[in-house]
Amino acid sequence: MTPLIELRKVSKYFGPVVSLKDIDMKVYAGEVHCLLGDNGAGKSTLIKALSGVHPPSEGQIYMEGQPVSFSSPRDALDKGIATVFQDLAMLPLMSISRNFFLGREPKRRVGPLTVYDAAFAARVAREELRKIGIDIRDPDQPVGTLSGGERQSVAIARAVYFGAKVLILDEPTSALGVKEAAVVLKYVVQARARGLGVIFITHNVHHAWAVGDTFTVLNRGRSYGTFKKAETTREKLLQMMAGGEELEALAVELDLIARKDPTPAARMEQQAAQALHEPDGG
Ligand SMILES: Nc1ncnc2c1ncn2[C@@H]1O[C@H](COP(=O)(O)OP(=O)(O)OP(=O)(O)O)[C@@H](O)[C@H]1O
Ligand SMILES: [Mg+2]
């Protein structure tokens with residue numbers, strides 16, 4: 001099967017900063033591909049390369065086997081890659097339907113004029129949201145009145161409606177409570193069921209594990225590789241995200257400090273060091 005999206009040896013440099021180095025990754029239709037990594041690992045840089053925000057310095061992106069490059073997020077969207085950013089590009093005071101069609105407003109003719117077709121927008125927004133299980137009372141209500149999870153869901157429904165093949169979600173659940181996160185994870189699963197390839201970026205291994213089919217772990221701009229769910233465990237992913245050896249070194253250091261200094265503070269450090277050795281470190 002040809003991947004929907006493939007990255008071959010993609011690197012990104014910002015002056016002397018190496019944000020990504022030689023990343024290989026394949027995303028297939030009908031899979032949730034989780035992109036994991038600690039702060040600064042390069043996750044956002046990777047999706048910016050994929051969504052046309054900034055092109056890679058080296059390497060090549062392929063879409064359905066053909067080399068592609070994206071000149072802007074709009075260009076990527078036109079080619080079927082929809083990105084939902086954490087701080088959604090939504091206007092809180094504008095209506096749900098207006099946000100749904102933001103940048104792609106439906107028009108109708110009134111005599112010599114073309115005007116925004118509000119009735120069409122309201123009807124489609126309501127229908128599309130109902131399809132994914134959100135019943136909005138009023139498509140004209142401001143987006144700002146929706147919860148964080150609902151807003152993420154509107155963004156996902158929008159991407160599906162406009163025919164995205166690849167849906168990229170950058171930390172969609174990080175600011176959400178447990179119930180809200182569950183709602184968003186449900187839509188991730190629904191997008192997969194519709195045959196989209198979903199790239200799901202998160203710090204949260206538990207969220208990733210709940211919906212992911214494959215996992216790519218980044219650490220300091222490099223990839224530890226891609227693993228199928230059956231080939232790995234949650235604990236292994238956590239270890240990789242944290243950079244296993246770095247955690248070990250930190251634990252040893254804390255332990256040494258504690259031995260030299262048997263004060264209460266040092267005892268607490270020692271406990272912290274022990275906690276780091278425990279497999280499911282939090
Ligand atoms: N425009 C830029 N100019 C210079 N350096 C950058 C730029 N964008 C990202 N970087 C650097 O690239 C590295 C990776 O950053 P990136 O934002 O991709 O990480 P991340 O995995 O998304 O982290 P987080 O989990 O905190 O969102 C960091 O060291 C960051 O400082
Ligand atoms: Mg980021």
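A residue counts as near a molecule if its C-beta atom, placed from the backbone, lies within 6 Å of it. With that in hand, here are the close-ups; keep in mind that this is a predicted model.

**View 1. The shell around ligand 1.** Ligand 1 sits among F14, V17, S19, G37, N39, G40, A41, G42, K43, S44 and T45. Sort those residues by character and you get three nonpolar, seven polar and one charged. Two elements, β2 and α1 (43-50), each put at least two residues into the shell. The biggest giver is α1, with three residues.

**View 2. The whole protein, for orientation.** Before zooming back in, it helps to have the overall tally: 10 helices and 12 strands. The protein has 282 residues, and 36% of them count as buried. Look at contacts with a separation of 6 or more, and 65% of them join residues 24 or more positions apart.

**View 3. The six-stranded sheet.** Here six strands line up as β6-β9-β10-β3-β11-β12 in an open sheet with mixed pairing. The edges belong to β6 (81-84) and β12 (222-228); each has a single partner strand, so one side of each has no neighbour in the sheet. From one strand to the next, the twist averages 15°.

**View 4. Strand β3 and its two partners.** Zoom in on β3 (residues 32-36) and you find a mostly covered strand, with five of its five residues buried. In a regular strand, side chains alternate between the two faces of the sheet. In β3, V32, C34 and L36 point one way while H33 and L35 point the other, and all are buried. On one pairing, β3 runs parallel to β10 (residues 197-202) over five bridges. Within that pairing, V32 stands opposite V198, and L35 has I201 as its bridge partner. The other pairing is with β11 (residues 214-219), again parallel, through four bridges. There, C34 is matched with F215.

**View 5. Helices lying on the sheet.** Helix α1 lies across β3, β6, β9 (166-170), β10 and β11, and runs at about 150° to β9. This is also the helix that gives three residues to the shell around ligand 1. Helix α5 (residues 148-161) lies across β6 and β9, running at about 175° to β6.

**View 6. The largest nonpolar core.** In soluble globular proteins, nonpolar side chains tend to be buried together. The largest such core in this model has 62 residues, and the members touching the most others are L36, V166, L167, I168, V188, V198 and F200. Helix α6 (residues 178-193) is the top contributor to this core, with six residues. For a closer look, pick V188: leaving aside neighbours within four places in sequence, V188 is in contact with V32, L169, V198, F200 and V211. You've already met V32 as the residue opposite V198 in the β3-β10 pairing.

**View 7. G80, a buried glycine in a loop.** G80 is found in the loop between α2 (73-78) and β6. A residue needs 20 or more other C-beta atoms within 10 Å to be called buried. G80 has 20 of them, so G80 counts as buried. Not counting residues up to four places away in sequence, G80 touches G163, A164, K165 and V166. V166 is also one of the core residues that touch the most other members. The C-alpha atoms of G80 and V160 are 9.8 Å apart, although 80 residues separate the two along the chain.

**View 8. The four-stranded sheet.** This other open sheet has four strands in the order β2-β1-β4-β5, with antiparallel pairing. At the edges stand β2 (17-27) and β5 (66-68), each with a single partner strand, so one side of each is left without a neighbour in the sheet. The twist here averages 30° from one strand to the next. At the β5 end, β4 (residues 58-63) pairs with β5 in the antiparallel sense over three bridges. In that pairing, Y62 stands opposite P67. The edge strand β2 also brings us back to the ligand, since β2 supplies at least two residues of the shell around ligand 1.

Key:
Residues numbered from 1 in each chain as written. Chains lettered and ligands numbered in written order. Predicted model: local features only at pLDDT ≥ 70, side-chain atom pairs only at ≥ 80, totals over all residues. Buried ≥ 20, exposed ≤ 12 C-beta atoms within 10 Å, placed from the backbone. Pairing = 2+ DSSP bridges. Core = buried A, V, L, I, M, F, W, Y, C linked by C-beta atoms within 7 Å. Contact = placed C-beta atoms within 7 Å. Axes fitted to C-alpha atoms, helices over the stretch in contact; angles between N-to-C directions. Nonpolar A, V, L, I, M, F, W, Y, C, P; charged D, E, K, R; others polar.
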